[in-house]
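Subject: Structure for you to look at

Hi,

Here is the structure I promised to pass on. Please open it next to this message and follow along.

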Amino acid sequence: MTRPLVPADFEGDSHVVAHALIGCTLLVDGVGGRIVETEAYDRYDPASHTFSGLTPRNASMFGPPGRAYVYRSYGIHWCLNFVCREEGHGAGVLIRAIEPTHGLDTMRERRGVHDARLLCSGPGRVGQALGITHDLNGHRLDRKPFKVLAAAHAVHVVEGPRIGITKAIDVPWRFGEAGSKFVSRKF
DNA sequence: ACAAAGATGTACT
DNA sequence: GTACATCTTTGTC
């Protein structure tokens with residue numbers, strides 16, 4: 001009962017897209033699981049990489065929606081965003097946590113830990129577990145190696161303030177599945 | 001050319 | 001709870 005998401009699903013407000021992505025399935029080369037935590041970053045958000053306009057790093061967020069924006073975090077981690085578009089402006093949704101369902105052994109090997117809760121509970125961990133690299137920046141989400149499937153059934157979504165930022169910390173633009181054991185932090 | 005901060009994770013006390 | 005790795009991007013001089 002699930003359908004693959006297409007670029008049209010990423011047209012619109014980043015907050016709406018971030019909310020709608022909870023419960024969807026994300027696979028990279030068949031490895032991944034259910035998205036249980038996201039954050040929205042819109043064009044006029046001081047905490048967004050797009051706030052100061054187009055730069056070489058954030059260029060993919062100014063391109064077509066339904067693609068990946070991959071950036072290096074703290075010089076160590078690769079973090080994955082889904083590009084969306086609201087009123088012609090670039091915006092992004094950070095994938096913060098996944099409930100592992102496919103390719104657990106591959107993820108354990110990449111992460112070096114066994115506990116399923118520690119495989120994908122955080123944006124840097126998601127990047128490592130799914131094998132995300134800079135090669136995938138700007139890549140379409142409806143083409144290999146990506147696979148993004150709509151949620152099989154309705155999900156109870158909760159929201160709260162975003163994590164790890166110093167600007168606009170008051171807005172509740174972090175979304176997660178209620179009661180999930182696989183989020184990076186409790187809501 | 002230079003400096004500072006960063007959408008984090010891990011190890012250690 | 002605190003410290004620190006690690007390096008790219010961006011703004012400033």
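A residue counts as exposed if its relative accessible area is over 50%, and as buried if that area is under 20%. Asp29 has a relative accessibility of 62%, so Asp29 is exposed. Keep those cut-offs in mind for what follows. Please also note that this is a predicted model.

Two backbone oddities, to begin with Asp29. Its phi is positive, about 55°, although Asp29 is not a glycine. You will find Asp29 in the loop between β1 (25-28) and β2 (31-41). Ala168 also has a positive phi without being a glycine, near 50°. Ala168 sits in the loop between β7 (157-160) and β8 (174-177). Its relative accessible area is 22%, so Ala168 ranks as partly exposed.

There is a cis peptide bond too. It runs from Lys144 to Pro145, with omega near 5°. Pro145 belongs to the loop between α3 and β6 (146-149).

Now the DNA. Around DNA strand B there are 21 residues. The closest are His49, Tyr71, His77, Asn81 and Arg125. By type, the surface near the strand has nine nonpolar residues, nine polar and three charged.

Which elements supply at least two residues each of this surface? They are β3 (68-73), β4 (77-86), β5 (89-102) and α3 (123-130). Helix α3 gives the most, with three residues.

What share of the strand B atoms within 4 Å of the protein belongs to sugar or phosphate? The figure is 56%, and the rest belong to bases. Individual polar contacts show both kinds. On the phosphate side, a polar side-chain atom of Arg111 is 2.9 Å from a phosphate oxygen of DNA strand B. Pro123 uses its backbone: a polar atom there is 3.1 Å from a phosphate oxygen of the strand. On the base side, an N or O atom in the side chain of Tyr71 lies 3.3 Å from a base nitrogen of DNA strand B.

Next, the interior. The largest nonpolar core has 36 residues. Leu26, Leu80, Phe82, Leu130 and Phe146 touch the most other members. Strand β5 gives the largest share of this core, four residues. Another core lies apart from it, with nine residues, among them Ala47, Met61, Tyr69 and Tyr71.

Phe146 is worth selecting on screen. Leaving out residues up to four places away in sequence, Phe146 touches Leu26, Leu27, Val28, Ala68, Leu80, Ile132, Leu136, His139, Arg140 and Leu141.

Last, the aromatic pairs. How many does the structure hold? Two. Phe10 and Phe82 form an edge-to-face pair, 5.8 Å centre to centre, with 85° between the planes. Phe10 lies in the segment before α1 (14-21) and Phe82 in strand β4, so this pair ties together parts 72 residues apart in sequence. Phe10 has a relative accessible area of 2%, so Phe10 is buried. Phe82 is at 0%, so Phe82 is buried as well.

Tyr69 and Tyr71 form a stacked pair: 5.7 Å centre to centre, 25° between the planes. Both tyrosines are buried. Tyr71 is a good place to stop and look. Tyr71 is among the closest residues to DNA strand B, and Tyr71 is also part of the core of nine residues.

Best wishes

Notes:
Residues numbered from 1 in each chain as written. Chains lettered and ligands numbered in written order. Predicted model: local features only at pLDDT ≥ 70, side-chain atom pairs only at ≥ 80, totals over all residues. Heavy atoms only, no water. Near = heavy atom within 4 Å. Polar contact = N/O pair within 3.5 Å; in protein donor to acceptor, adjacent residues only side chain to side chain. Nonpolar A, V, L, I, M, F, W, Y, C, P; charged D, E, K, R; others polar. Core = buried A, V, L, I, M, F, W, Y, C linked by side-chain atoms within 4.5 Å. Buried < 20%, exposed > 50% of the residue type's maximum accessible area, 1.4 Å probe, protein only. Contact = heavy atoms within 4.5 Å. Phe/Tyr/Trp six-rings, centres within 6.5 Å; stacked < 30°, edge-to-face > 60°.
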